[in-house]
Every structure is written in structure tokens, then in C-alpha cells.
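Grab a pencil and work through the exercises below one at a time. Try each task yourself before you read its solution.

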Amino acid sequence: ALSTTMPHHLDQLRDTITSIKQSSTLKDIKVFVGGRPFINNDTLYQKVFADDYSVDAIDFIKKLELYND
């Protein structure tokens, strides 16, 4: 899971996720994002190439359980 609080960090977040997805050893890892920019925009995670987002830790655990079923 990766988090950012400032919208101007979204480009760096996207670059980090892109590097993870391009890595032969990390490419199968699901990447979740969170933080203030994602709270009011439920599609923003797609623009940074994340697999999903969560609004808080409880939401993250609930969504993670869905991926593990």
C-alpha cells in the first residue's frame, strides 16, 4: 500500500507504481493507494495505475480480504 497527502505527488506515485509493475519480481503484487487525493475521487487510483484504493485502514483490510478469497 502506498499513500500520498499532496496531489502534486501523484506523478511520483504513478512512477513508483509503474516501476513496481515493470519489475519481474514484483509485477504480480497488488498495489493499493490511499491518502487525501483519493478520498473524493474514486477513479483516481486508475490514473496512477494502482489496483485499488482505500479511504482508511479498515477499508483497506476489507478490500484486501476480497482479493484473498
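**Exercise 1. What share of the residues of the protein chain count as buried, and how much area does the chain expose?**

Step 1: Start with the cut-offs: buried means under 20% relative accessible area, exposed means over 50%, and partly exposed is in between, using a 1.4 Å probe and protein chains only. By that rule, 32% of the 69 residues in the protein chain count as buried.

Step 2: Now the surface. The chain exposes about 4800 Å², with carbon and sulfur atoms supplying 53% of it; such areas come from the Shrake-Rupley method with a 1.4 Å probe, and for residues only the protein chains shown count as cover.

A word on the source: this is a predicted model, where local features need pLDDT of at least 70 and side-chain atom pairs count only at pLDDT 80 or more, while totals for chains, interfaces and linings use all residues. Residues are numbered from 1 along each chain as its sequence is written, and side-chain values use heavy atoms, with hydrogens and water left out.

**Exercise 2. Describe the overall fold: which pattern do the helices and strands follow?**

Step 1: Count the pieces. The protein chain has 4 helices and 3 strands, where helices (H or I, at least four residues) and strands (E, at least two) are DSSP runs numbered from the N terminus.

Step 2: Walk along the sequence and you read β-α-β-α-α-β-α.

Step 3: Check the compactness. The radius of gyration is 12 Å, close to the 11 Å that the globule rule gives for 69 residues, so the chain is as compact as a globular protein of that length. Here the radius is taken over C-alpha atoms, and the globule rule is 2.2 Å times the number of residues to the power 0.38.

Step 4: Add the dimensions: along its principal axes, the C-alpha trace spans about 35 × 30 × 15 Å.

Step 5: Look at the contacts (heavy atoms within 4.5 Å). Take those between residues at least 6 apart in sequence: 46% of them join residues at least 24 apart.

**Exercise 3. Test helix α1: what span should it have, and where do its buried residues lie?**

Step 1: Helix α1 covers residues 10–22, which is 13 residues. The expected span is 1.5 Å times one less than the number of residues.

Step 2: That gives 18 Å, and the end C-alpha atoms of α1 are indeed 18 Å apart, so the two agree.

Step 3: List the buried residues of α1: Leu 10, Leu 13, Ile 17 and Ile 20. Seen down the axis, they fall within an arc of 80°, so they line one face of the helix. The arc is that of the directions from the helix axis to the C-beta atoms.

Step 4: Ask what covers them. The cover includes β1 (2–3), β2 (32–34), α2 (36–39) and α3 (44–47).

**Exercise 4. Trace the salt bridges: which residues pair up with Arg 14 and Lys 21?**

Step 1: A salt bridge is a side-chain nitrogen of Lys or Arg within 4 Å of a carboxyl oxygen of Asp or Glu. The structure holds 5 of them.

Step 2: Arg 14 pairs with Asp 11, with the closest N and O atoms 3.2 Å apart. They sit 3 residues apart in helix α1, so about one helical turn separates them.

Step 3: Arg 14 also pairs with Asp 15, this time at 4.0 Å. Put together, Asp 11, Arg 14 and Asp 15 are linked in a network.

Step 4: Lys 21 pairs with Asp 51 at 2.6 Å. Asp 51 lies in the loop between α3 and β3 (52–53) and Lys 21 in helix α1, so this bridge ties together parts that are 30 residues apart in sequence.

**Exercise 5. Is Lys 63 buried or exposed, and what does it touch?**

Step 1: Find Lys 63 in helix α4 (residues 57–68).

Step 2: Its relative accessible area is 18%, so Lys 63 is buried.

Step 3: Leaving out residues up to four places away in sequence, Lys 63 touches Phe 32, Asp 52 and Tyr 53.

**Exercise 6. Compare Thr 5 with Phe 49: where is each found?**

Step 1: Thr 5 is in the loop between β1 and α1, and at 51% relative accessible area it is exposed.

Step 2: Phe 49 is in the loop between α3 and β3, and at 47% it counts as partly exposed. Its phi is near 70°, a positive value in a residue other than glycine.

Step 3: The C-alpha atoms of Thr 5 and Phe 49 are separated by 17 Å, with their positions 44 residues apart along the chain.
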